[in-house]
Amino acid sequence: MRKKLVNTLLATIAIILSNNTLAQQNIALCPEKPKLVLLILIDNLNNEQLDIVRQKCGPDGFNRICTFGTQLSNAHYDAGGNYAGKNLATLFTGAPASTHGIVAEQWIDNFTSKKIHAIYGDAYNNAGKLDTTATPRNGNLLCSTIGNEIRKIYNNKAHFISLGFNPNMLMWSSGTNVPEPVVWFNERTGQFVSQNIVNDEVRNIISDFNSKHISDLCLEKTWSPLHDISEYHEWRYFNKGTEQRIFYYPLKQANARSKYARLAGSPYGNQMVRDMAASILLCGNLGKDDVPDMLTVQFTATPSCGHKMQPIDAETEDMLLRLDENIASLLKVIDHDIGMDNTLVLLTAAQGCYDVANTDTEHWKSWGTVSLHRTSALLNLYLMALHGQAKWVRNYASGEIYLDQKLCEDKKVSFDILLNEAAQFMKQVTGVADAVVAKQLPNIYSDSPVIETMRRNYHPQRSGDILLNLNPGWAEEQDDGSELTQLWGKEYVPLVFYGWKVPRNTIYERHNMADVAPTICSFIKVSVPNGCSGVQIPILK
């Protein structure tokens, strides 16, 4: 019996060693650097949601990437604000907002006093309304991106394409001030809009896709559950009121302002993006030579139908289950046409926050809400009572209050006194945890993660004068009545590397998402972006 046990043990060890040897041989056969970097970007996806849906997913999509890749379970952005573009600028530059300059979706330029949008610049009319027909660009980035560093070495031989639903999400993947190709779905026309496409094959792919009017065919569909609704997380654990819930959504809406908006926020929207991405991979010359190319594909996990009532409602779960199938088919295209040993795949998200606006359980309802827009108006009344009639508060945006320094000079009022008065007033507001005078941040001695996050998000030419953070569990009321949670610390998101030489592994140590850019750059053997403060993630052994 003992001899049999020893023989069994030795045989098991031999199998393990042979498998390790085979894995090492497979890694050795991979090229020195990946030919294609495929970044799968899913907006508003967090780790809990991914873990829940993976239990129902097949083996070839999410589970393939997460099981056989290197998963980072504590990857995070510096929180603060709710603009995904700020996070994505960090992802592609390896720098915090204090360096790359994208502090929010909009800010007040402290030199010109103009209102600036992150990707549309100063394209505001006299009424203060943004002109979204202006050309989106990422020229407000203050440091280089991964794309810039690849261009320095390979010039126009390297191909970059960003594809998805929203230029606000896609612009940050391209090089600073370089007109990189971007393709997005227009919710008004149902067509894919392209910008800066110079590759004839890709231009023809987009034209051919639009000529088929696939979006109009999808509008005839009805969105209903992919699986038995009783097995969905909401029905199993939050079933109060589900007997009245209807999961049945015709995608065609009469008199809809944006005819295709419901389609874009449905599984069929993701499917169209998948089809476009597959066509570009098959016919667009990506990953076909030794020059590294990059394709960013933005999918959505934010449903346009229903009302988000739980951390993962049935509509969100259904979108992710169907997205799993789309990702699986996209990986098969790579297997067939490029080879996974030539491809580095990244799966991640732009944001991981929960929207608590409509939750119907005490576990997720906000403890309270505060309208900081209205509160900033009250602040101006308070400052008027102290210093006279004037518009002391220039603006409020994204948890930041802008005061008028020039007005102080004209009125002979100490700006430092005004700052401290404003901060003390805002600290008295119910729900506000702290109000910090921004220019004092460098001199504040504190090991608080909130203060550290504020430092990493503060840019002296773009940030406000008073930075606000709310008490835990509180939400900010928006102009349309919705609520947004505000985090000042770490915003955790999924992050998985897969393909090429990436081993099967889980990394539990915390890593800032600024570490992604230097990691990719080390794999494709180019310099890190010039503002990068991230460190390489130890993925390859």
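The following questions and answers go through a predicted model, from its confidence to its main sheet and some single residues.

Me: Over which residues does pLDDT stay under 50 in this predicted model?
Reply: The protein averages a pLDDT of 87, and 89% of the residues score at least 70. Set against that average is a stretch for which the model has 0 contacts beyond four places in sequence and over which pLDDT stays under 50, namely residues 9-25.

Me: Which are the edge strands of the open sheet formed by 9 strands?
Reply: The open sheet has mixed pairing, and its strands follow the order β8-β7-β6-β11-β1-β12-β21-β2-β22. An edge strand pairs on one side only, and this holds for β8 and for β22 (505-507).

Me: By how much are neighbouring strands of this open sheet of 9 strands, in the order β8-β7-β6-β11-β1-β12-β21-β2-β22, turned against each other on average?
Reply: The sheet is open and its pairing is mixed, with β8 and β22 as the edge strands. With direction ignored, the average turn between neighbouring strands of this sheet is 15°.

Me: What angle does the direction of helix α8 make with that of β8?
Reply: Edge strand β8 pairs on one side only. Helix α8, residues 200-211, packs on the sheet and touches β6, β7 and β8, and its direction makes with that of β8 an angle of about 160°.

Me: Are V182, V183, W184 and F185 of strand β7 buried or exposed?
Reply: In a regular strand the side chains alternate between the two faces of the sheet. In strand β7 (residues 182-185), V182 and W184 lie on one side while V183 and F185 lie on the other. Both faces of this strand are covered, and the four residues V182, V183, W184 and F185 are all buried.

Me: Which residue of β8 is the bridge partner of F185?
Reply: On one side, β7 pairs in the parallel sense with strand β6 (residues 160-164) over 3 bridges, and there S162 stands opposite V182. Strand β8 (residues 192-195) runs antiparallel to β7 and is joined to it by 4 bridges. In β8, V183 has S194 as its bridge partner, whereas the partner of F185 is F192.

Me: Which residue in the turn of the hairpin formed by β7 and β8 has a positive phi?
Reply: The two strands run antiparallel, and the hairpin they form has 6 residues between them. The residue in this turn with a positive phi, of about 75°, is G190.

Me: Where does N285, which is not a glycine, have its positive phi?
Reply: N285 is found in the loop between α12 (267-283) and β11, and is partly exposed, with a relative accessible area of 34%. Its phi is positive, at about 70°.

Me: Why does V333 count as buried?
Reply: V333 belongs to helix α13 (residues 314-337), which lies across β1 (36-43), β11 (293-300) and β12 (343-349) and runs at about 175° to β1. Leaving aside neighbours within four places in sequence, V333 is in contact with A278, L281, L282 and I338. Buried means under 20% relative accessible area, so V333 counts as buried because its relative accessible area is 16%.

Me: Which residue of β19 does E476 stand opposite?
Reply: Strand β18 (residues 474-477) runs parallel to strand β13 (residues 368-370), joined by 3 bridges, with W474 as the bridge partner of G368. Strand β19 (residues 483-485) runs antiparallel to β18, again with 3 bridges, and the residue of β19 opposite E476 is L484.

Notes. Residues numbered from 1 in each chain as written. Predicted model: local features only at pLDDT ≥ 70, side-chain atom pairs only at ≥ 80, totals over all residues. Heavy atoms only, no water. Buried < 20%, exposed > 50% of the residue type's maximum accessible area, 1.4 Å probe, protein only. Contact = heavy atoms within 4.5 Å. Pairing = 2+ DSSP bridges. pLDDT = per-residue confidence, 0-100. Axes fitted to C-alpha atoms, helices over the stretch in contact; angles between N-to-C directions.
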